[in-house]
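Me: I have a structure to go through with you. Could you look at it and answer a few questions?

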Amino acid sequence: PKHVATGAANLDAALKAVGGPAILAGQSEGAVSINLEQARLQSDPNAPAADQLTFAVFSDPMRGIMNTLFRDGTHIPFIGLTVAPPVESRYNTVVVTNQYDLWSDFPDRPWNVLALANAFAGATLTHARASDSPSDVPPGNISVTTNSLGATTTTYLVPAQQLPLTQPLRLIAPGKLVDALDNALRPAIDSGYSRNDAPGSTKPYLSHGEIG
């Protein structure tokens, strides 16, 4: 949409005015603007040096629901976006995702009805929690990859202590009872995400619009 492109243009103008080391950060649609600016800088001869800029994205729908449901290059008219994978960037990137958020942590087995319903609940309850601190994330929820340009992408999956799906029950039922329900439902919900599969699993899942 127009405001995402405007956000990217504003980021670029602000970056040019900084004149020193910088971190560009954005949440949700702001993260999409960040992605656009990161891609633009790859062809900018006046772009900052690799050690002068870091990108940080929170609750990024492009790395979540978009890259799960749609093939690369798919244009989505009603929101005016073209789906694309993260650019091969010279800059280090930090990605923070809240577990069970519909937009950034969409279940790659959307036929799992419980996982899908929980993600829809998470769209309201977990999507906007950009203030969650990566320092609170357990080591098993942190991954670091290095691309061909030598830049790292550090991904933090912020765990949900409670299921979004059962949050409304906490208003009317004892917390211990809802905790027990969470414990019973969580394995079924987690099976909607291929990241939880045992090594060597051949269970199908959806990626970039295709079942693999």
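Me: Let us start with charge. How far apart are the mean positions of the positive and negative charges of the protein?
Reply: This is a predicted model. Its 13 positive and 18 negative charges have mean positions 3 Å apart.

Me: And the surface, how much does the protein expose?
Reply: About 11,100 Å² is exposed, and 60% of that is supplied by carbon and sulfur atoms.

Me: What share of the residues counts as buried?
Reply: Of the 212 residues, 39% count as buried.

Me: On to the fold. How many helices and strands are there?
Reply: There are 5 helices and 9 strands. Read from the N terminus, their order is α-β-α-β-α-β-β-β-α-β-β-α-β-β.

Me: Why is the protein said to be as compact as a globular protein of that length?
Reply: Its radius of gyration is 18 Å and the globule rule gives 17 Å for 212 residues; the two values are close, so the protein is as compact as a globular protein of that length. Along the principal axes, the C-alpha atoms fill a box of roughly 60 × 35 × 35 Å.

Me: What about contacts between residues at least 6 apart in sequence?
Reply: Of those contacts, 67% join residues at least 24 apart.

Me: Now β6 and β7. How many bridges join them, and do they run parallel or antiparallel?
Reply: Strand β6 (residues 142-146) and strand β7 (residues 152-158) run antiparallel and are joined by 5 bridges. In one of the pairings, Ile142 has Tyr156 of β7 as its bridge partner.

Me: Which residue in the turn has a positive phi?
Reply: That is Gly150, with a phi of about 85 degrees. The turn belongs to the hairpin that β6 and β7 form, with 5 residues between the strands.

Technical notes: Residues numbered from 1 in each chain as written. Predicted model: local features only at pLDDT ≥ 70, side-chain atom pairs only at ≥ 80, totals over all residues. Heavy atoms only, no water. Pairing = 2+ DSSP bridges. Helix = DSSP H or I, 4+ residues; strand = E, 2+ residues; numbered from the N terminus. Rg over C-alpha atoms; globule rule 2.2 N^0.38 Å. Buried < 20%, exposed > 50% of the residue type's maximum accessible area, 1.4 Å probe, protein only. Contact = heavy atoms within 4.5 Å. Areas by Shrake-Rupley, 256 points an atom, 1.4 Å probe, with all protein chains shown as cover. Lys, Arg positive; Asp, Glu negative; His and termini not counted. Charge placed at Lys NZ, Arg CZ, Asp CG, Glu CD.
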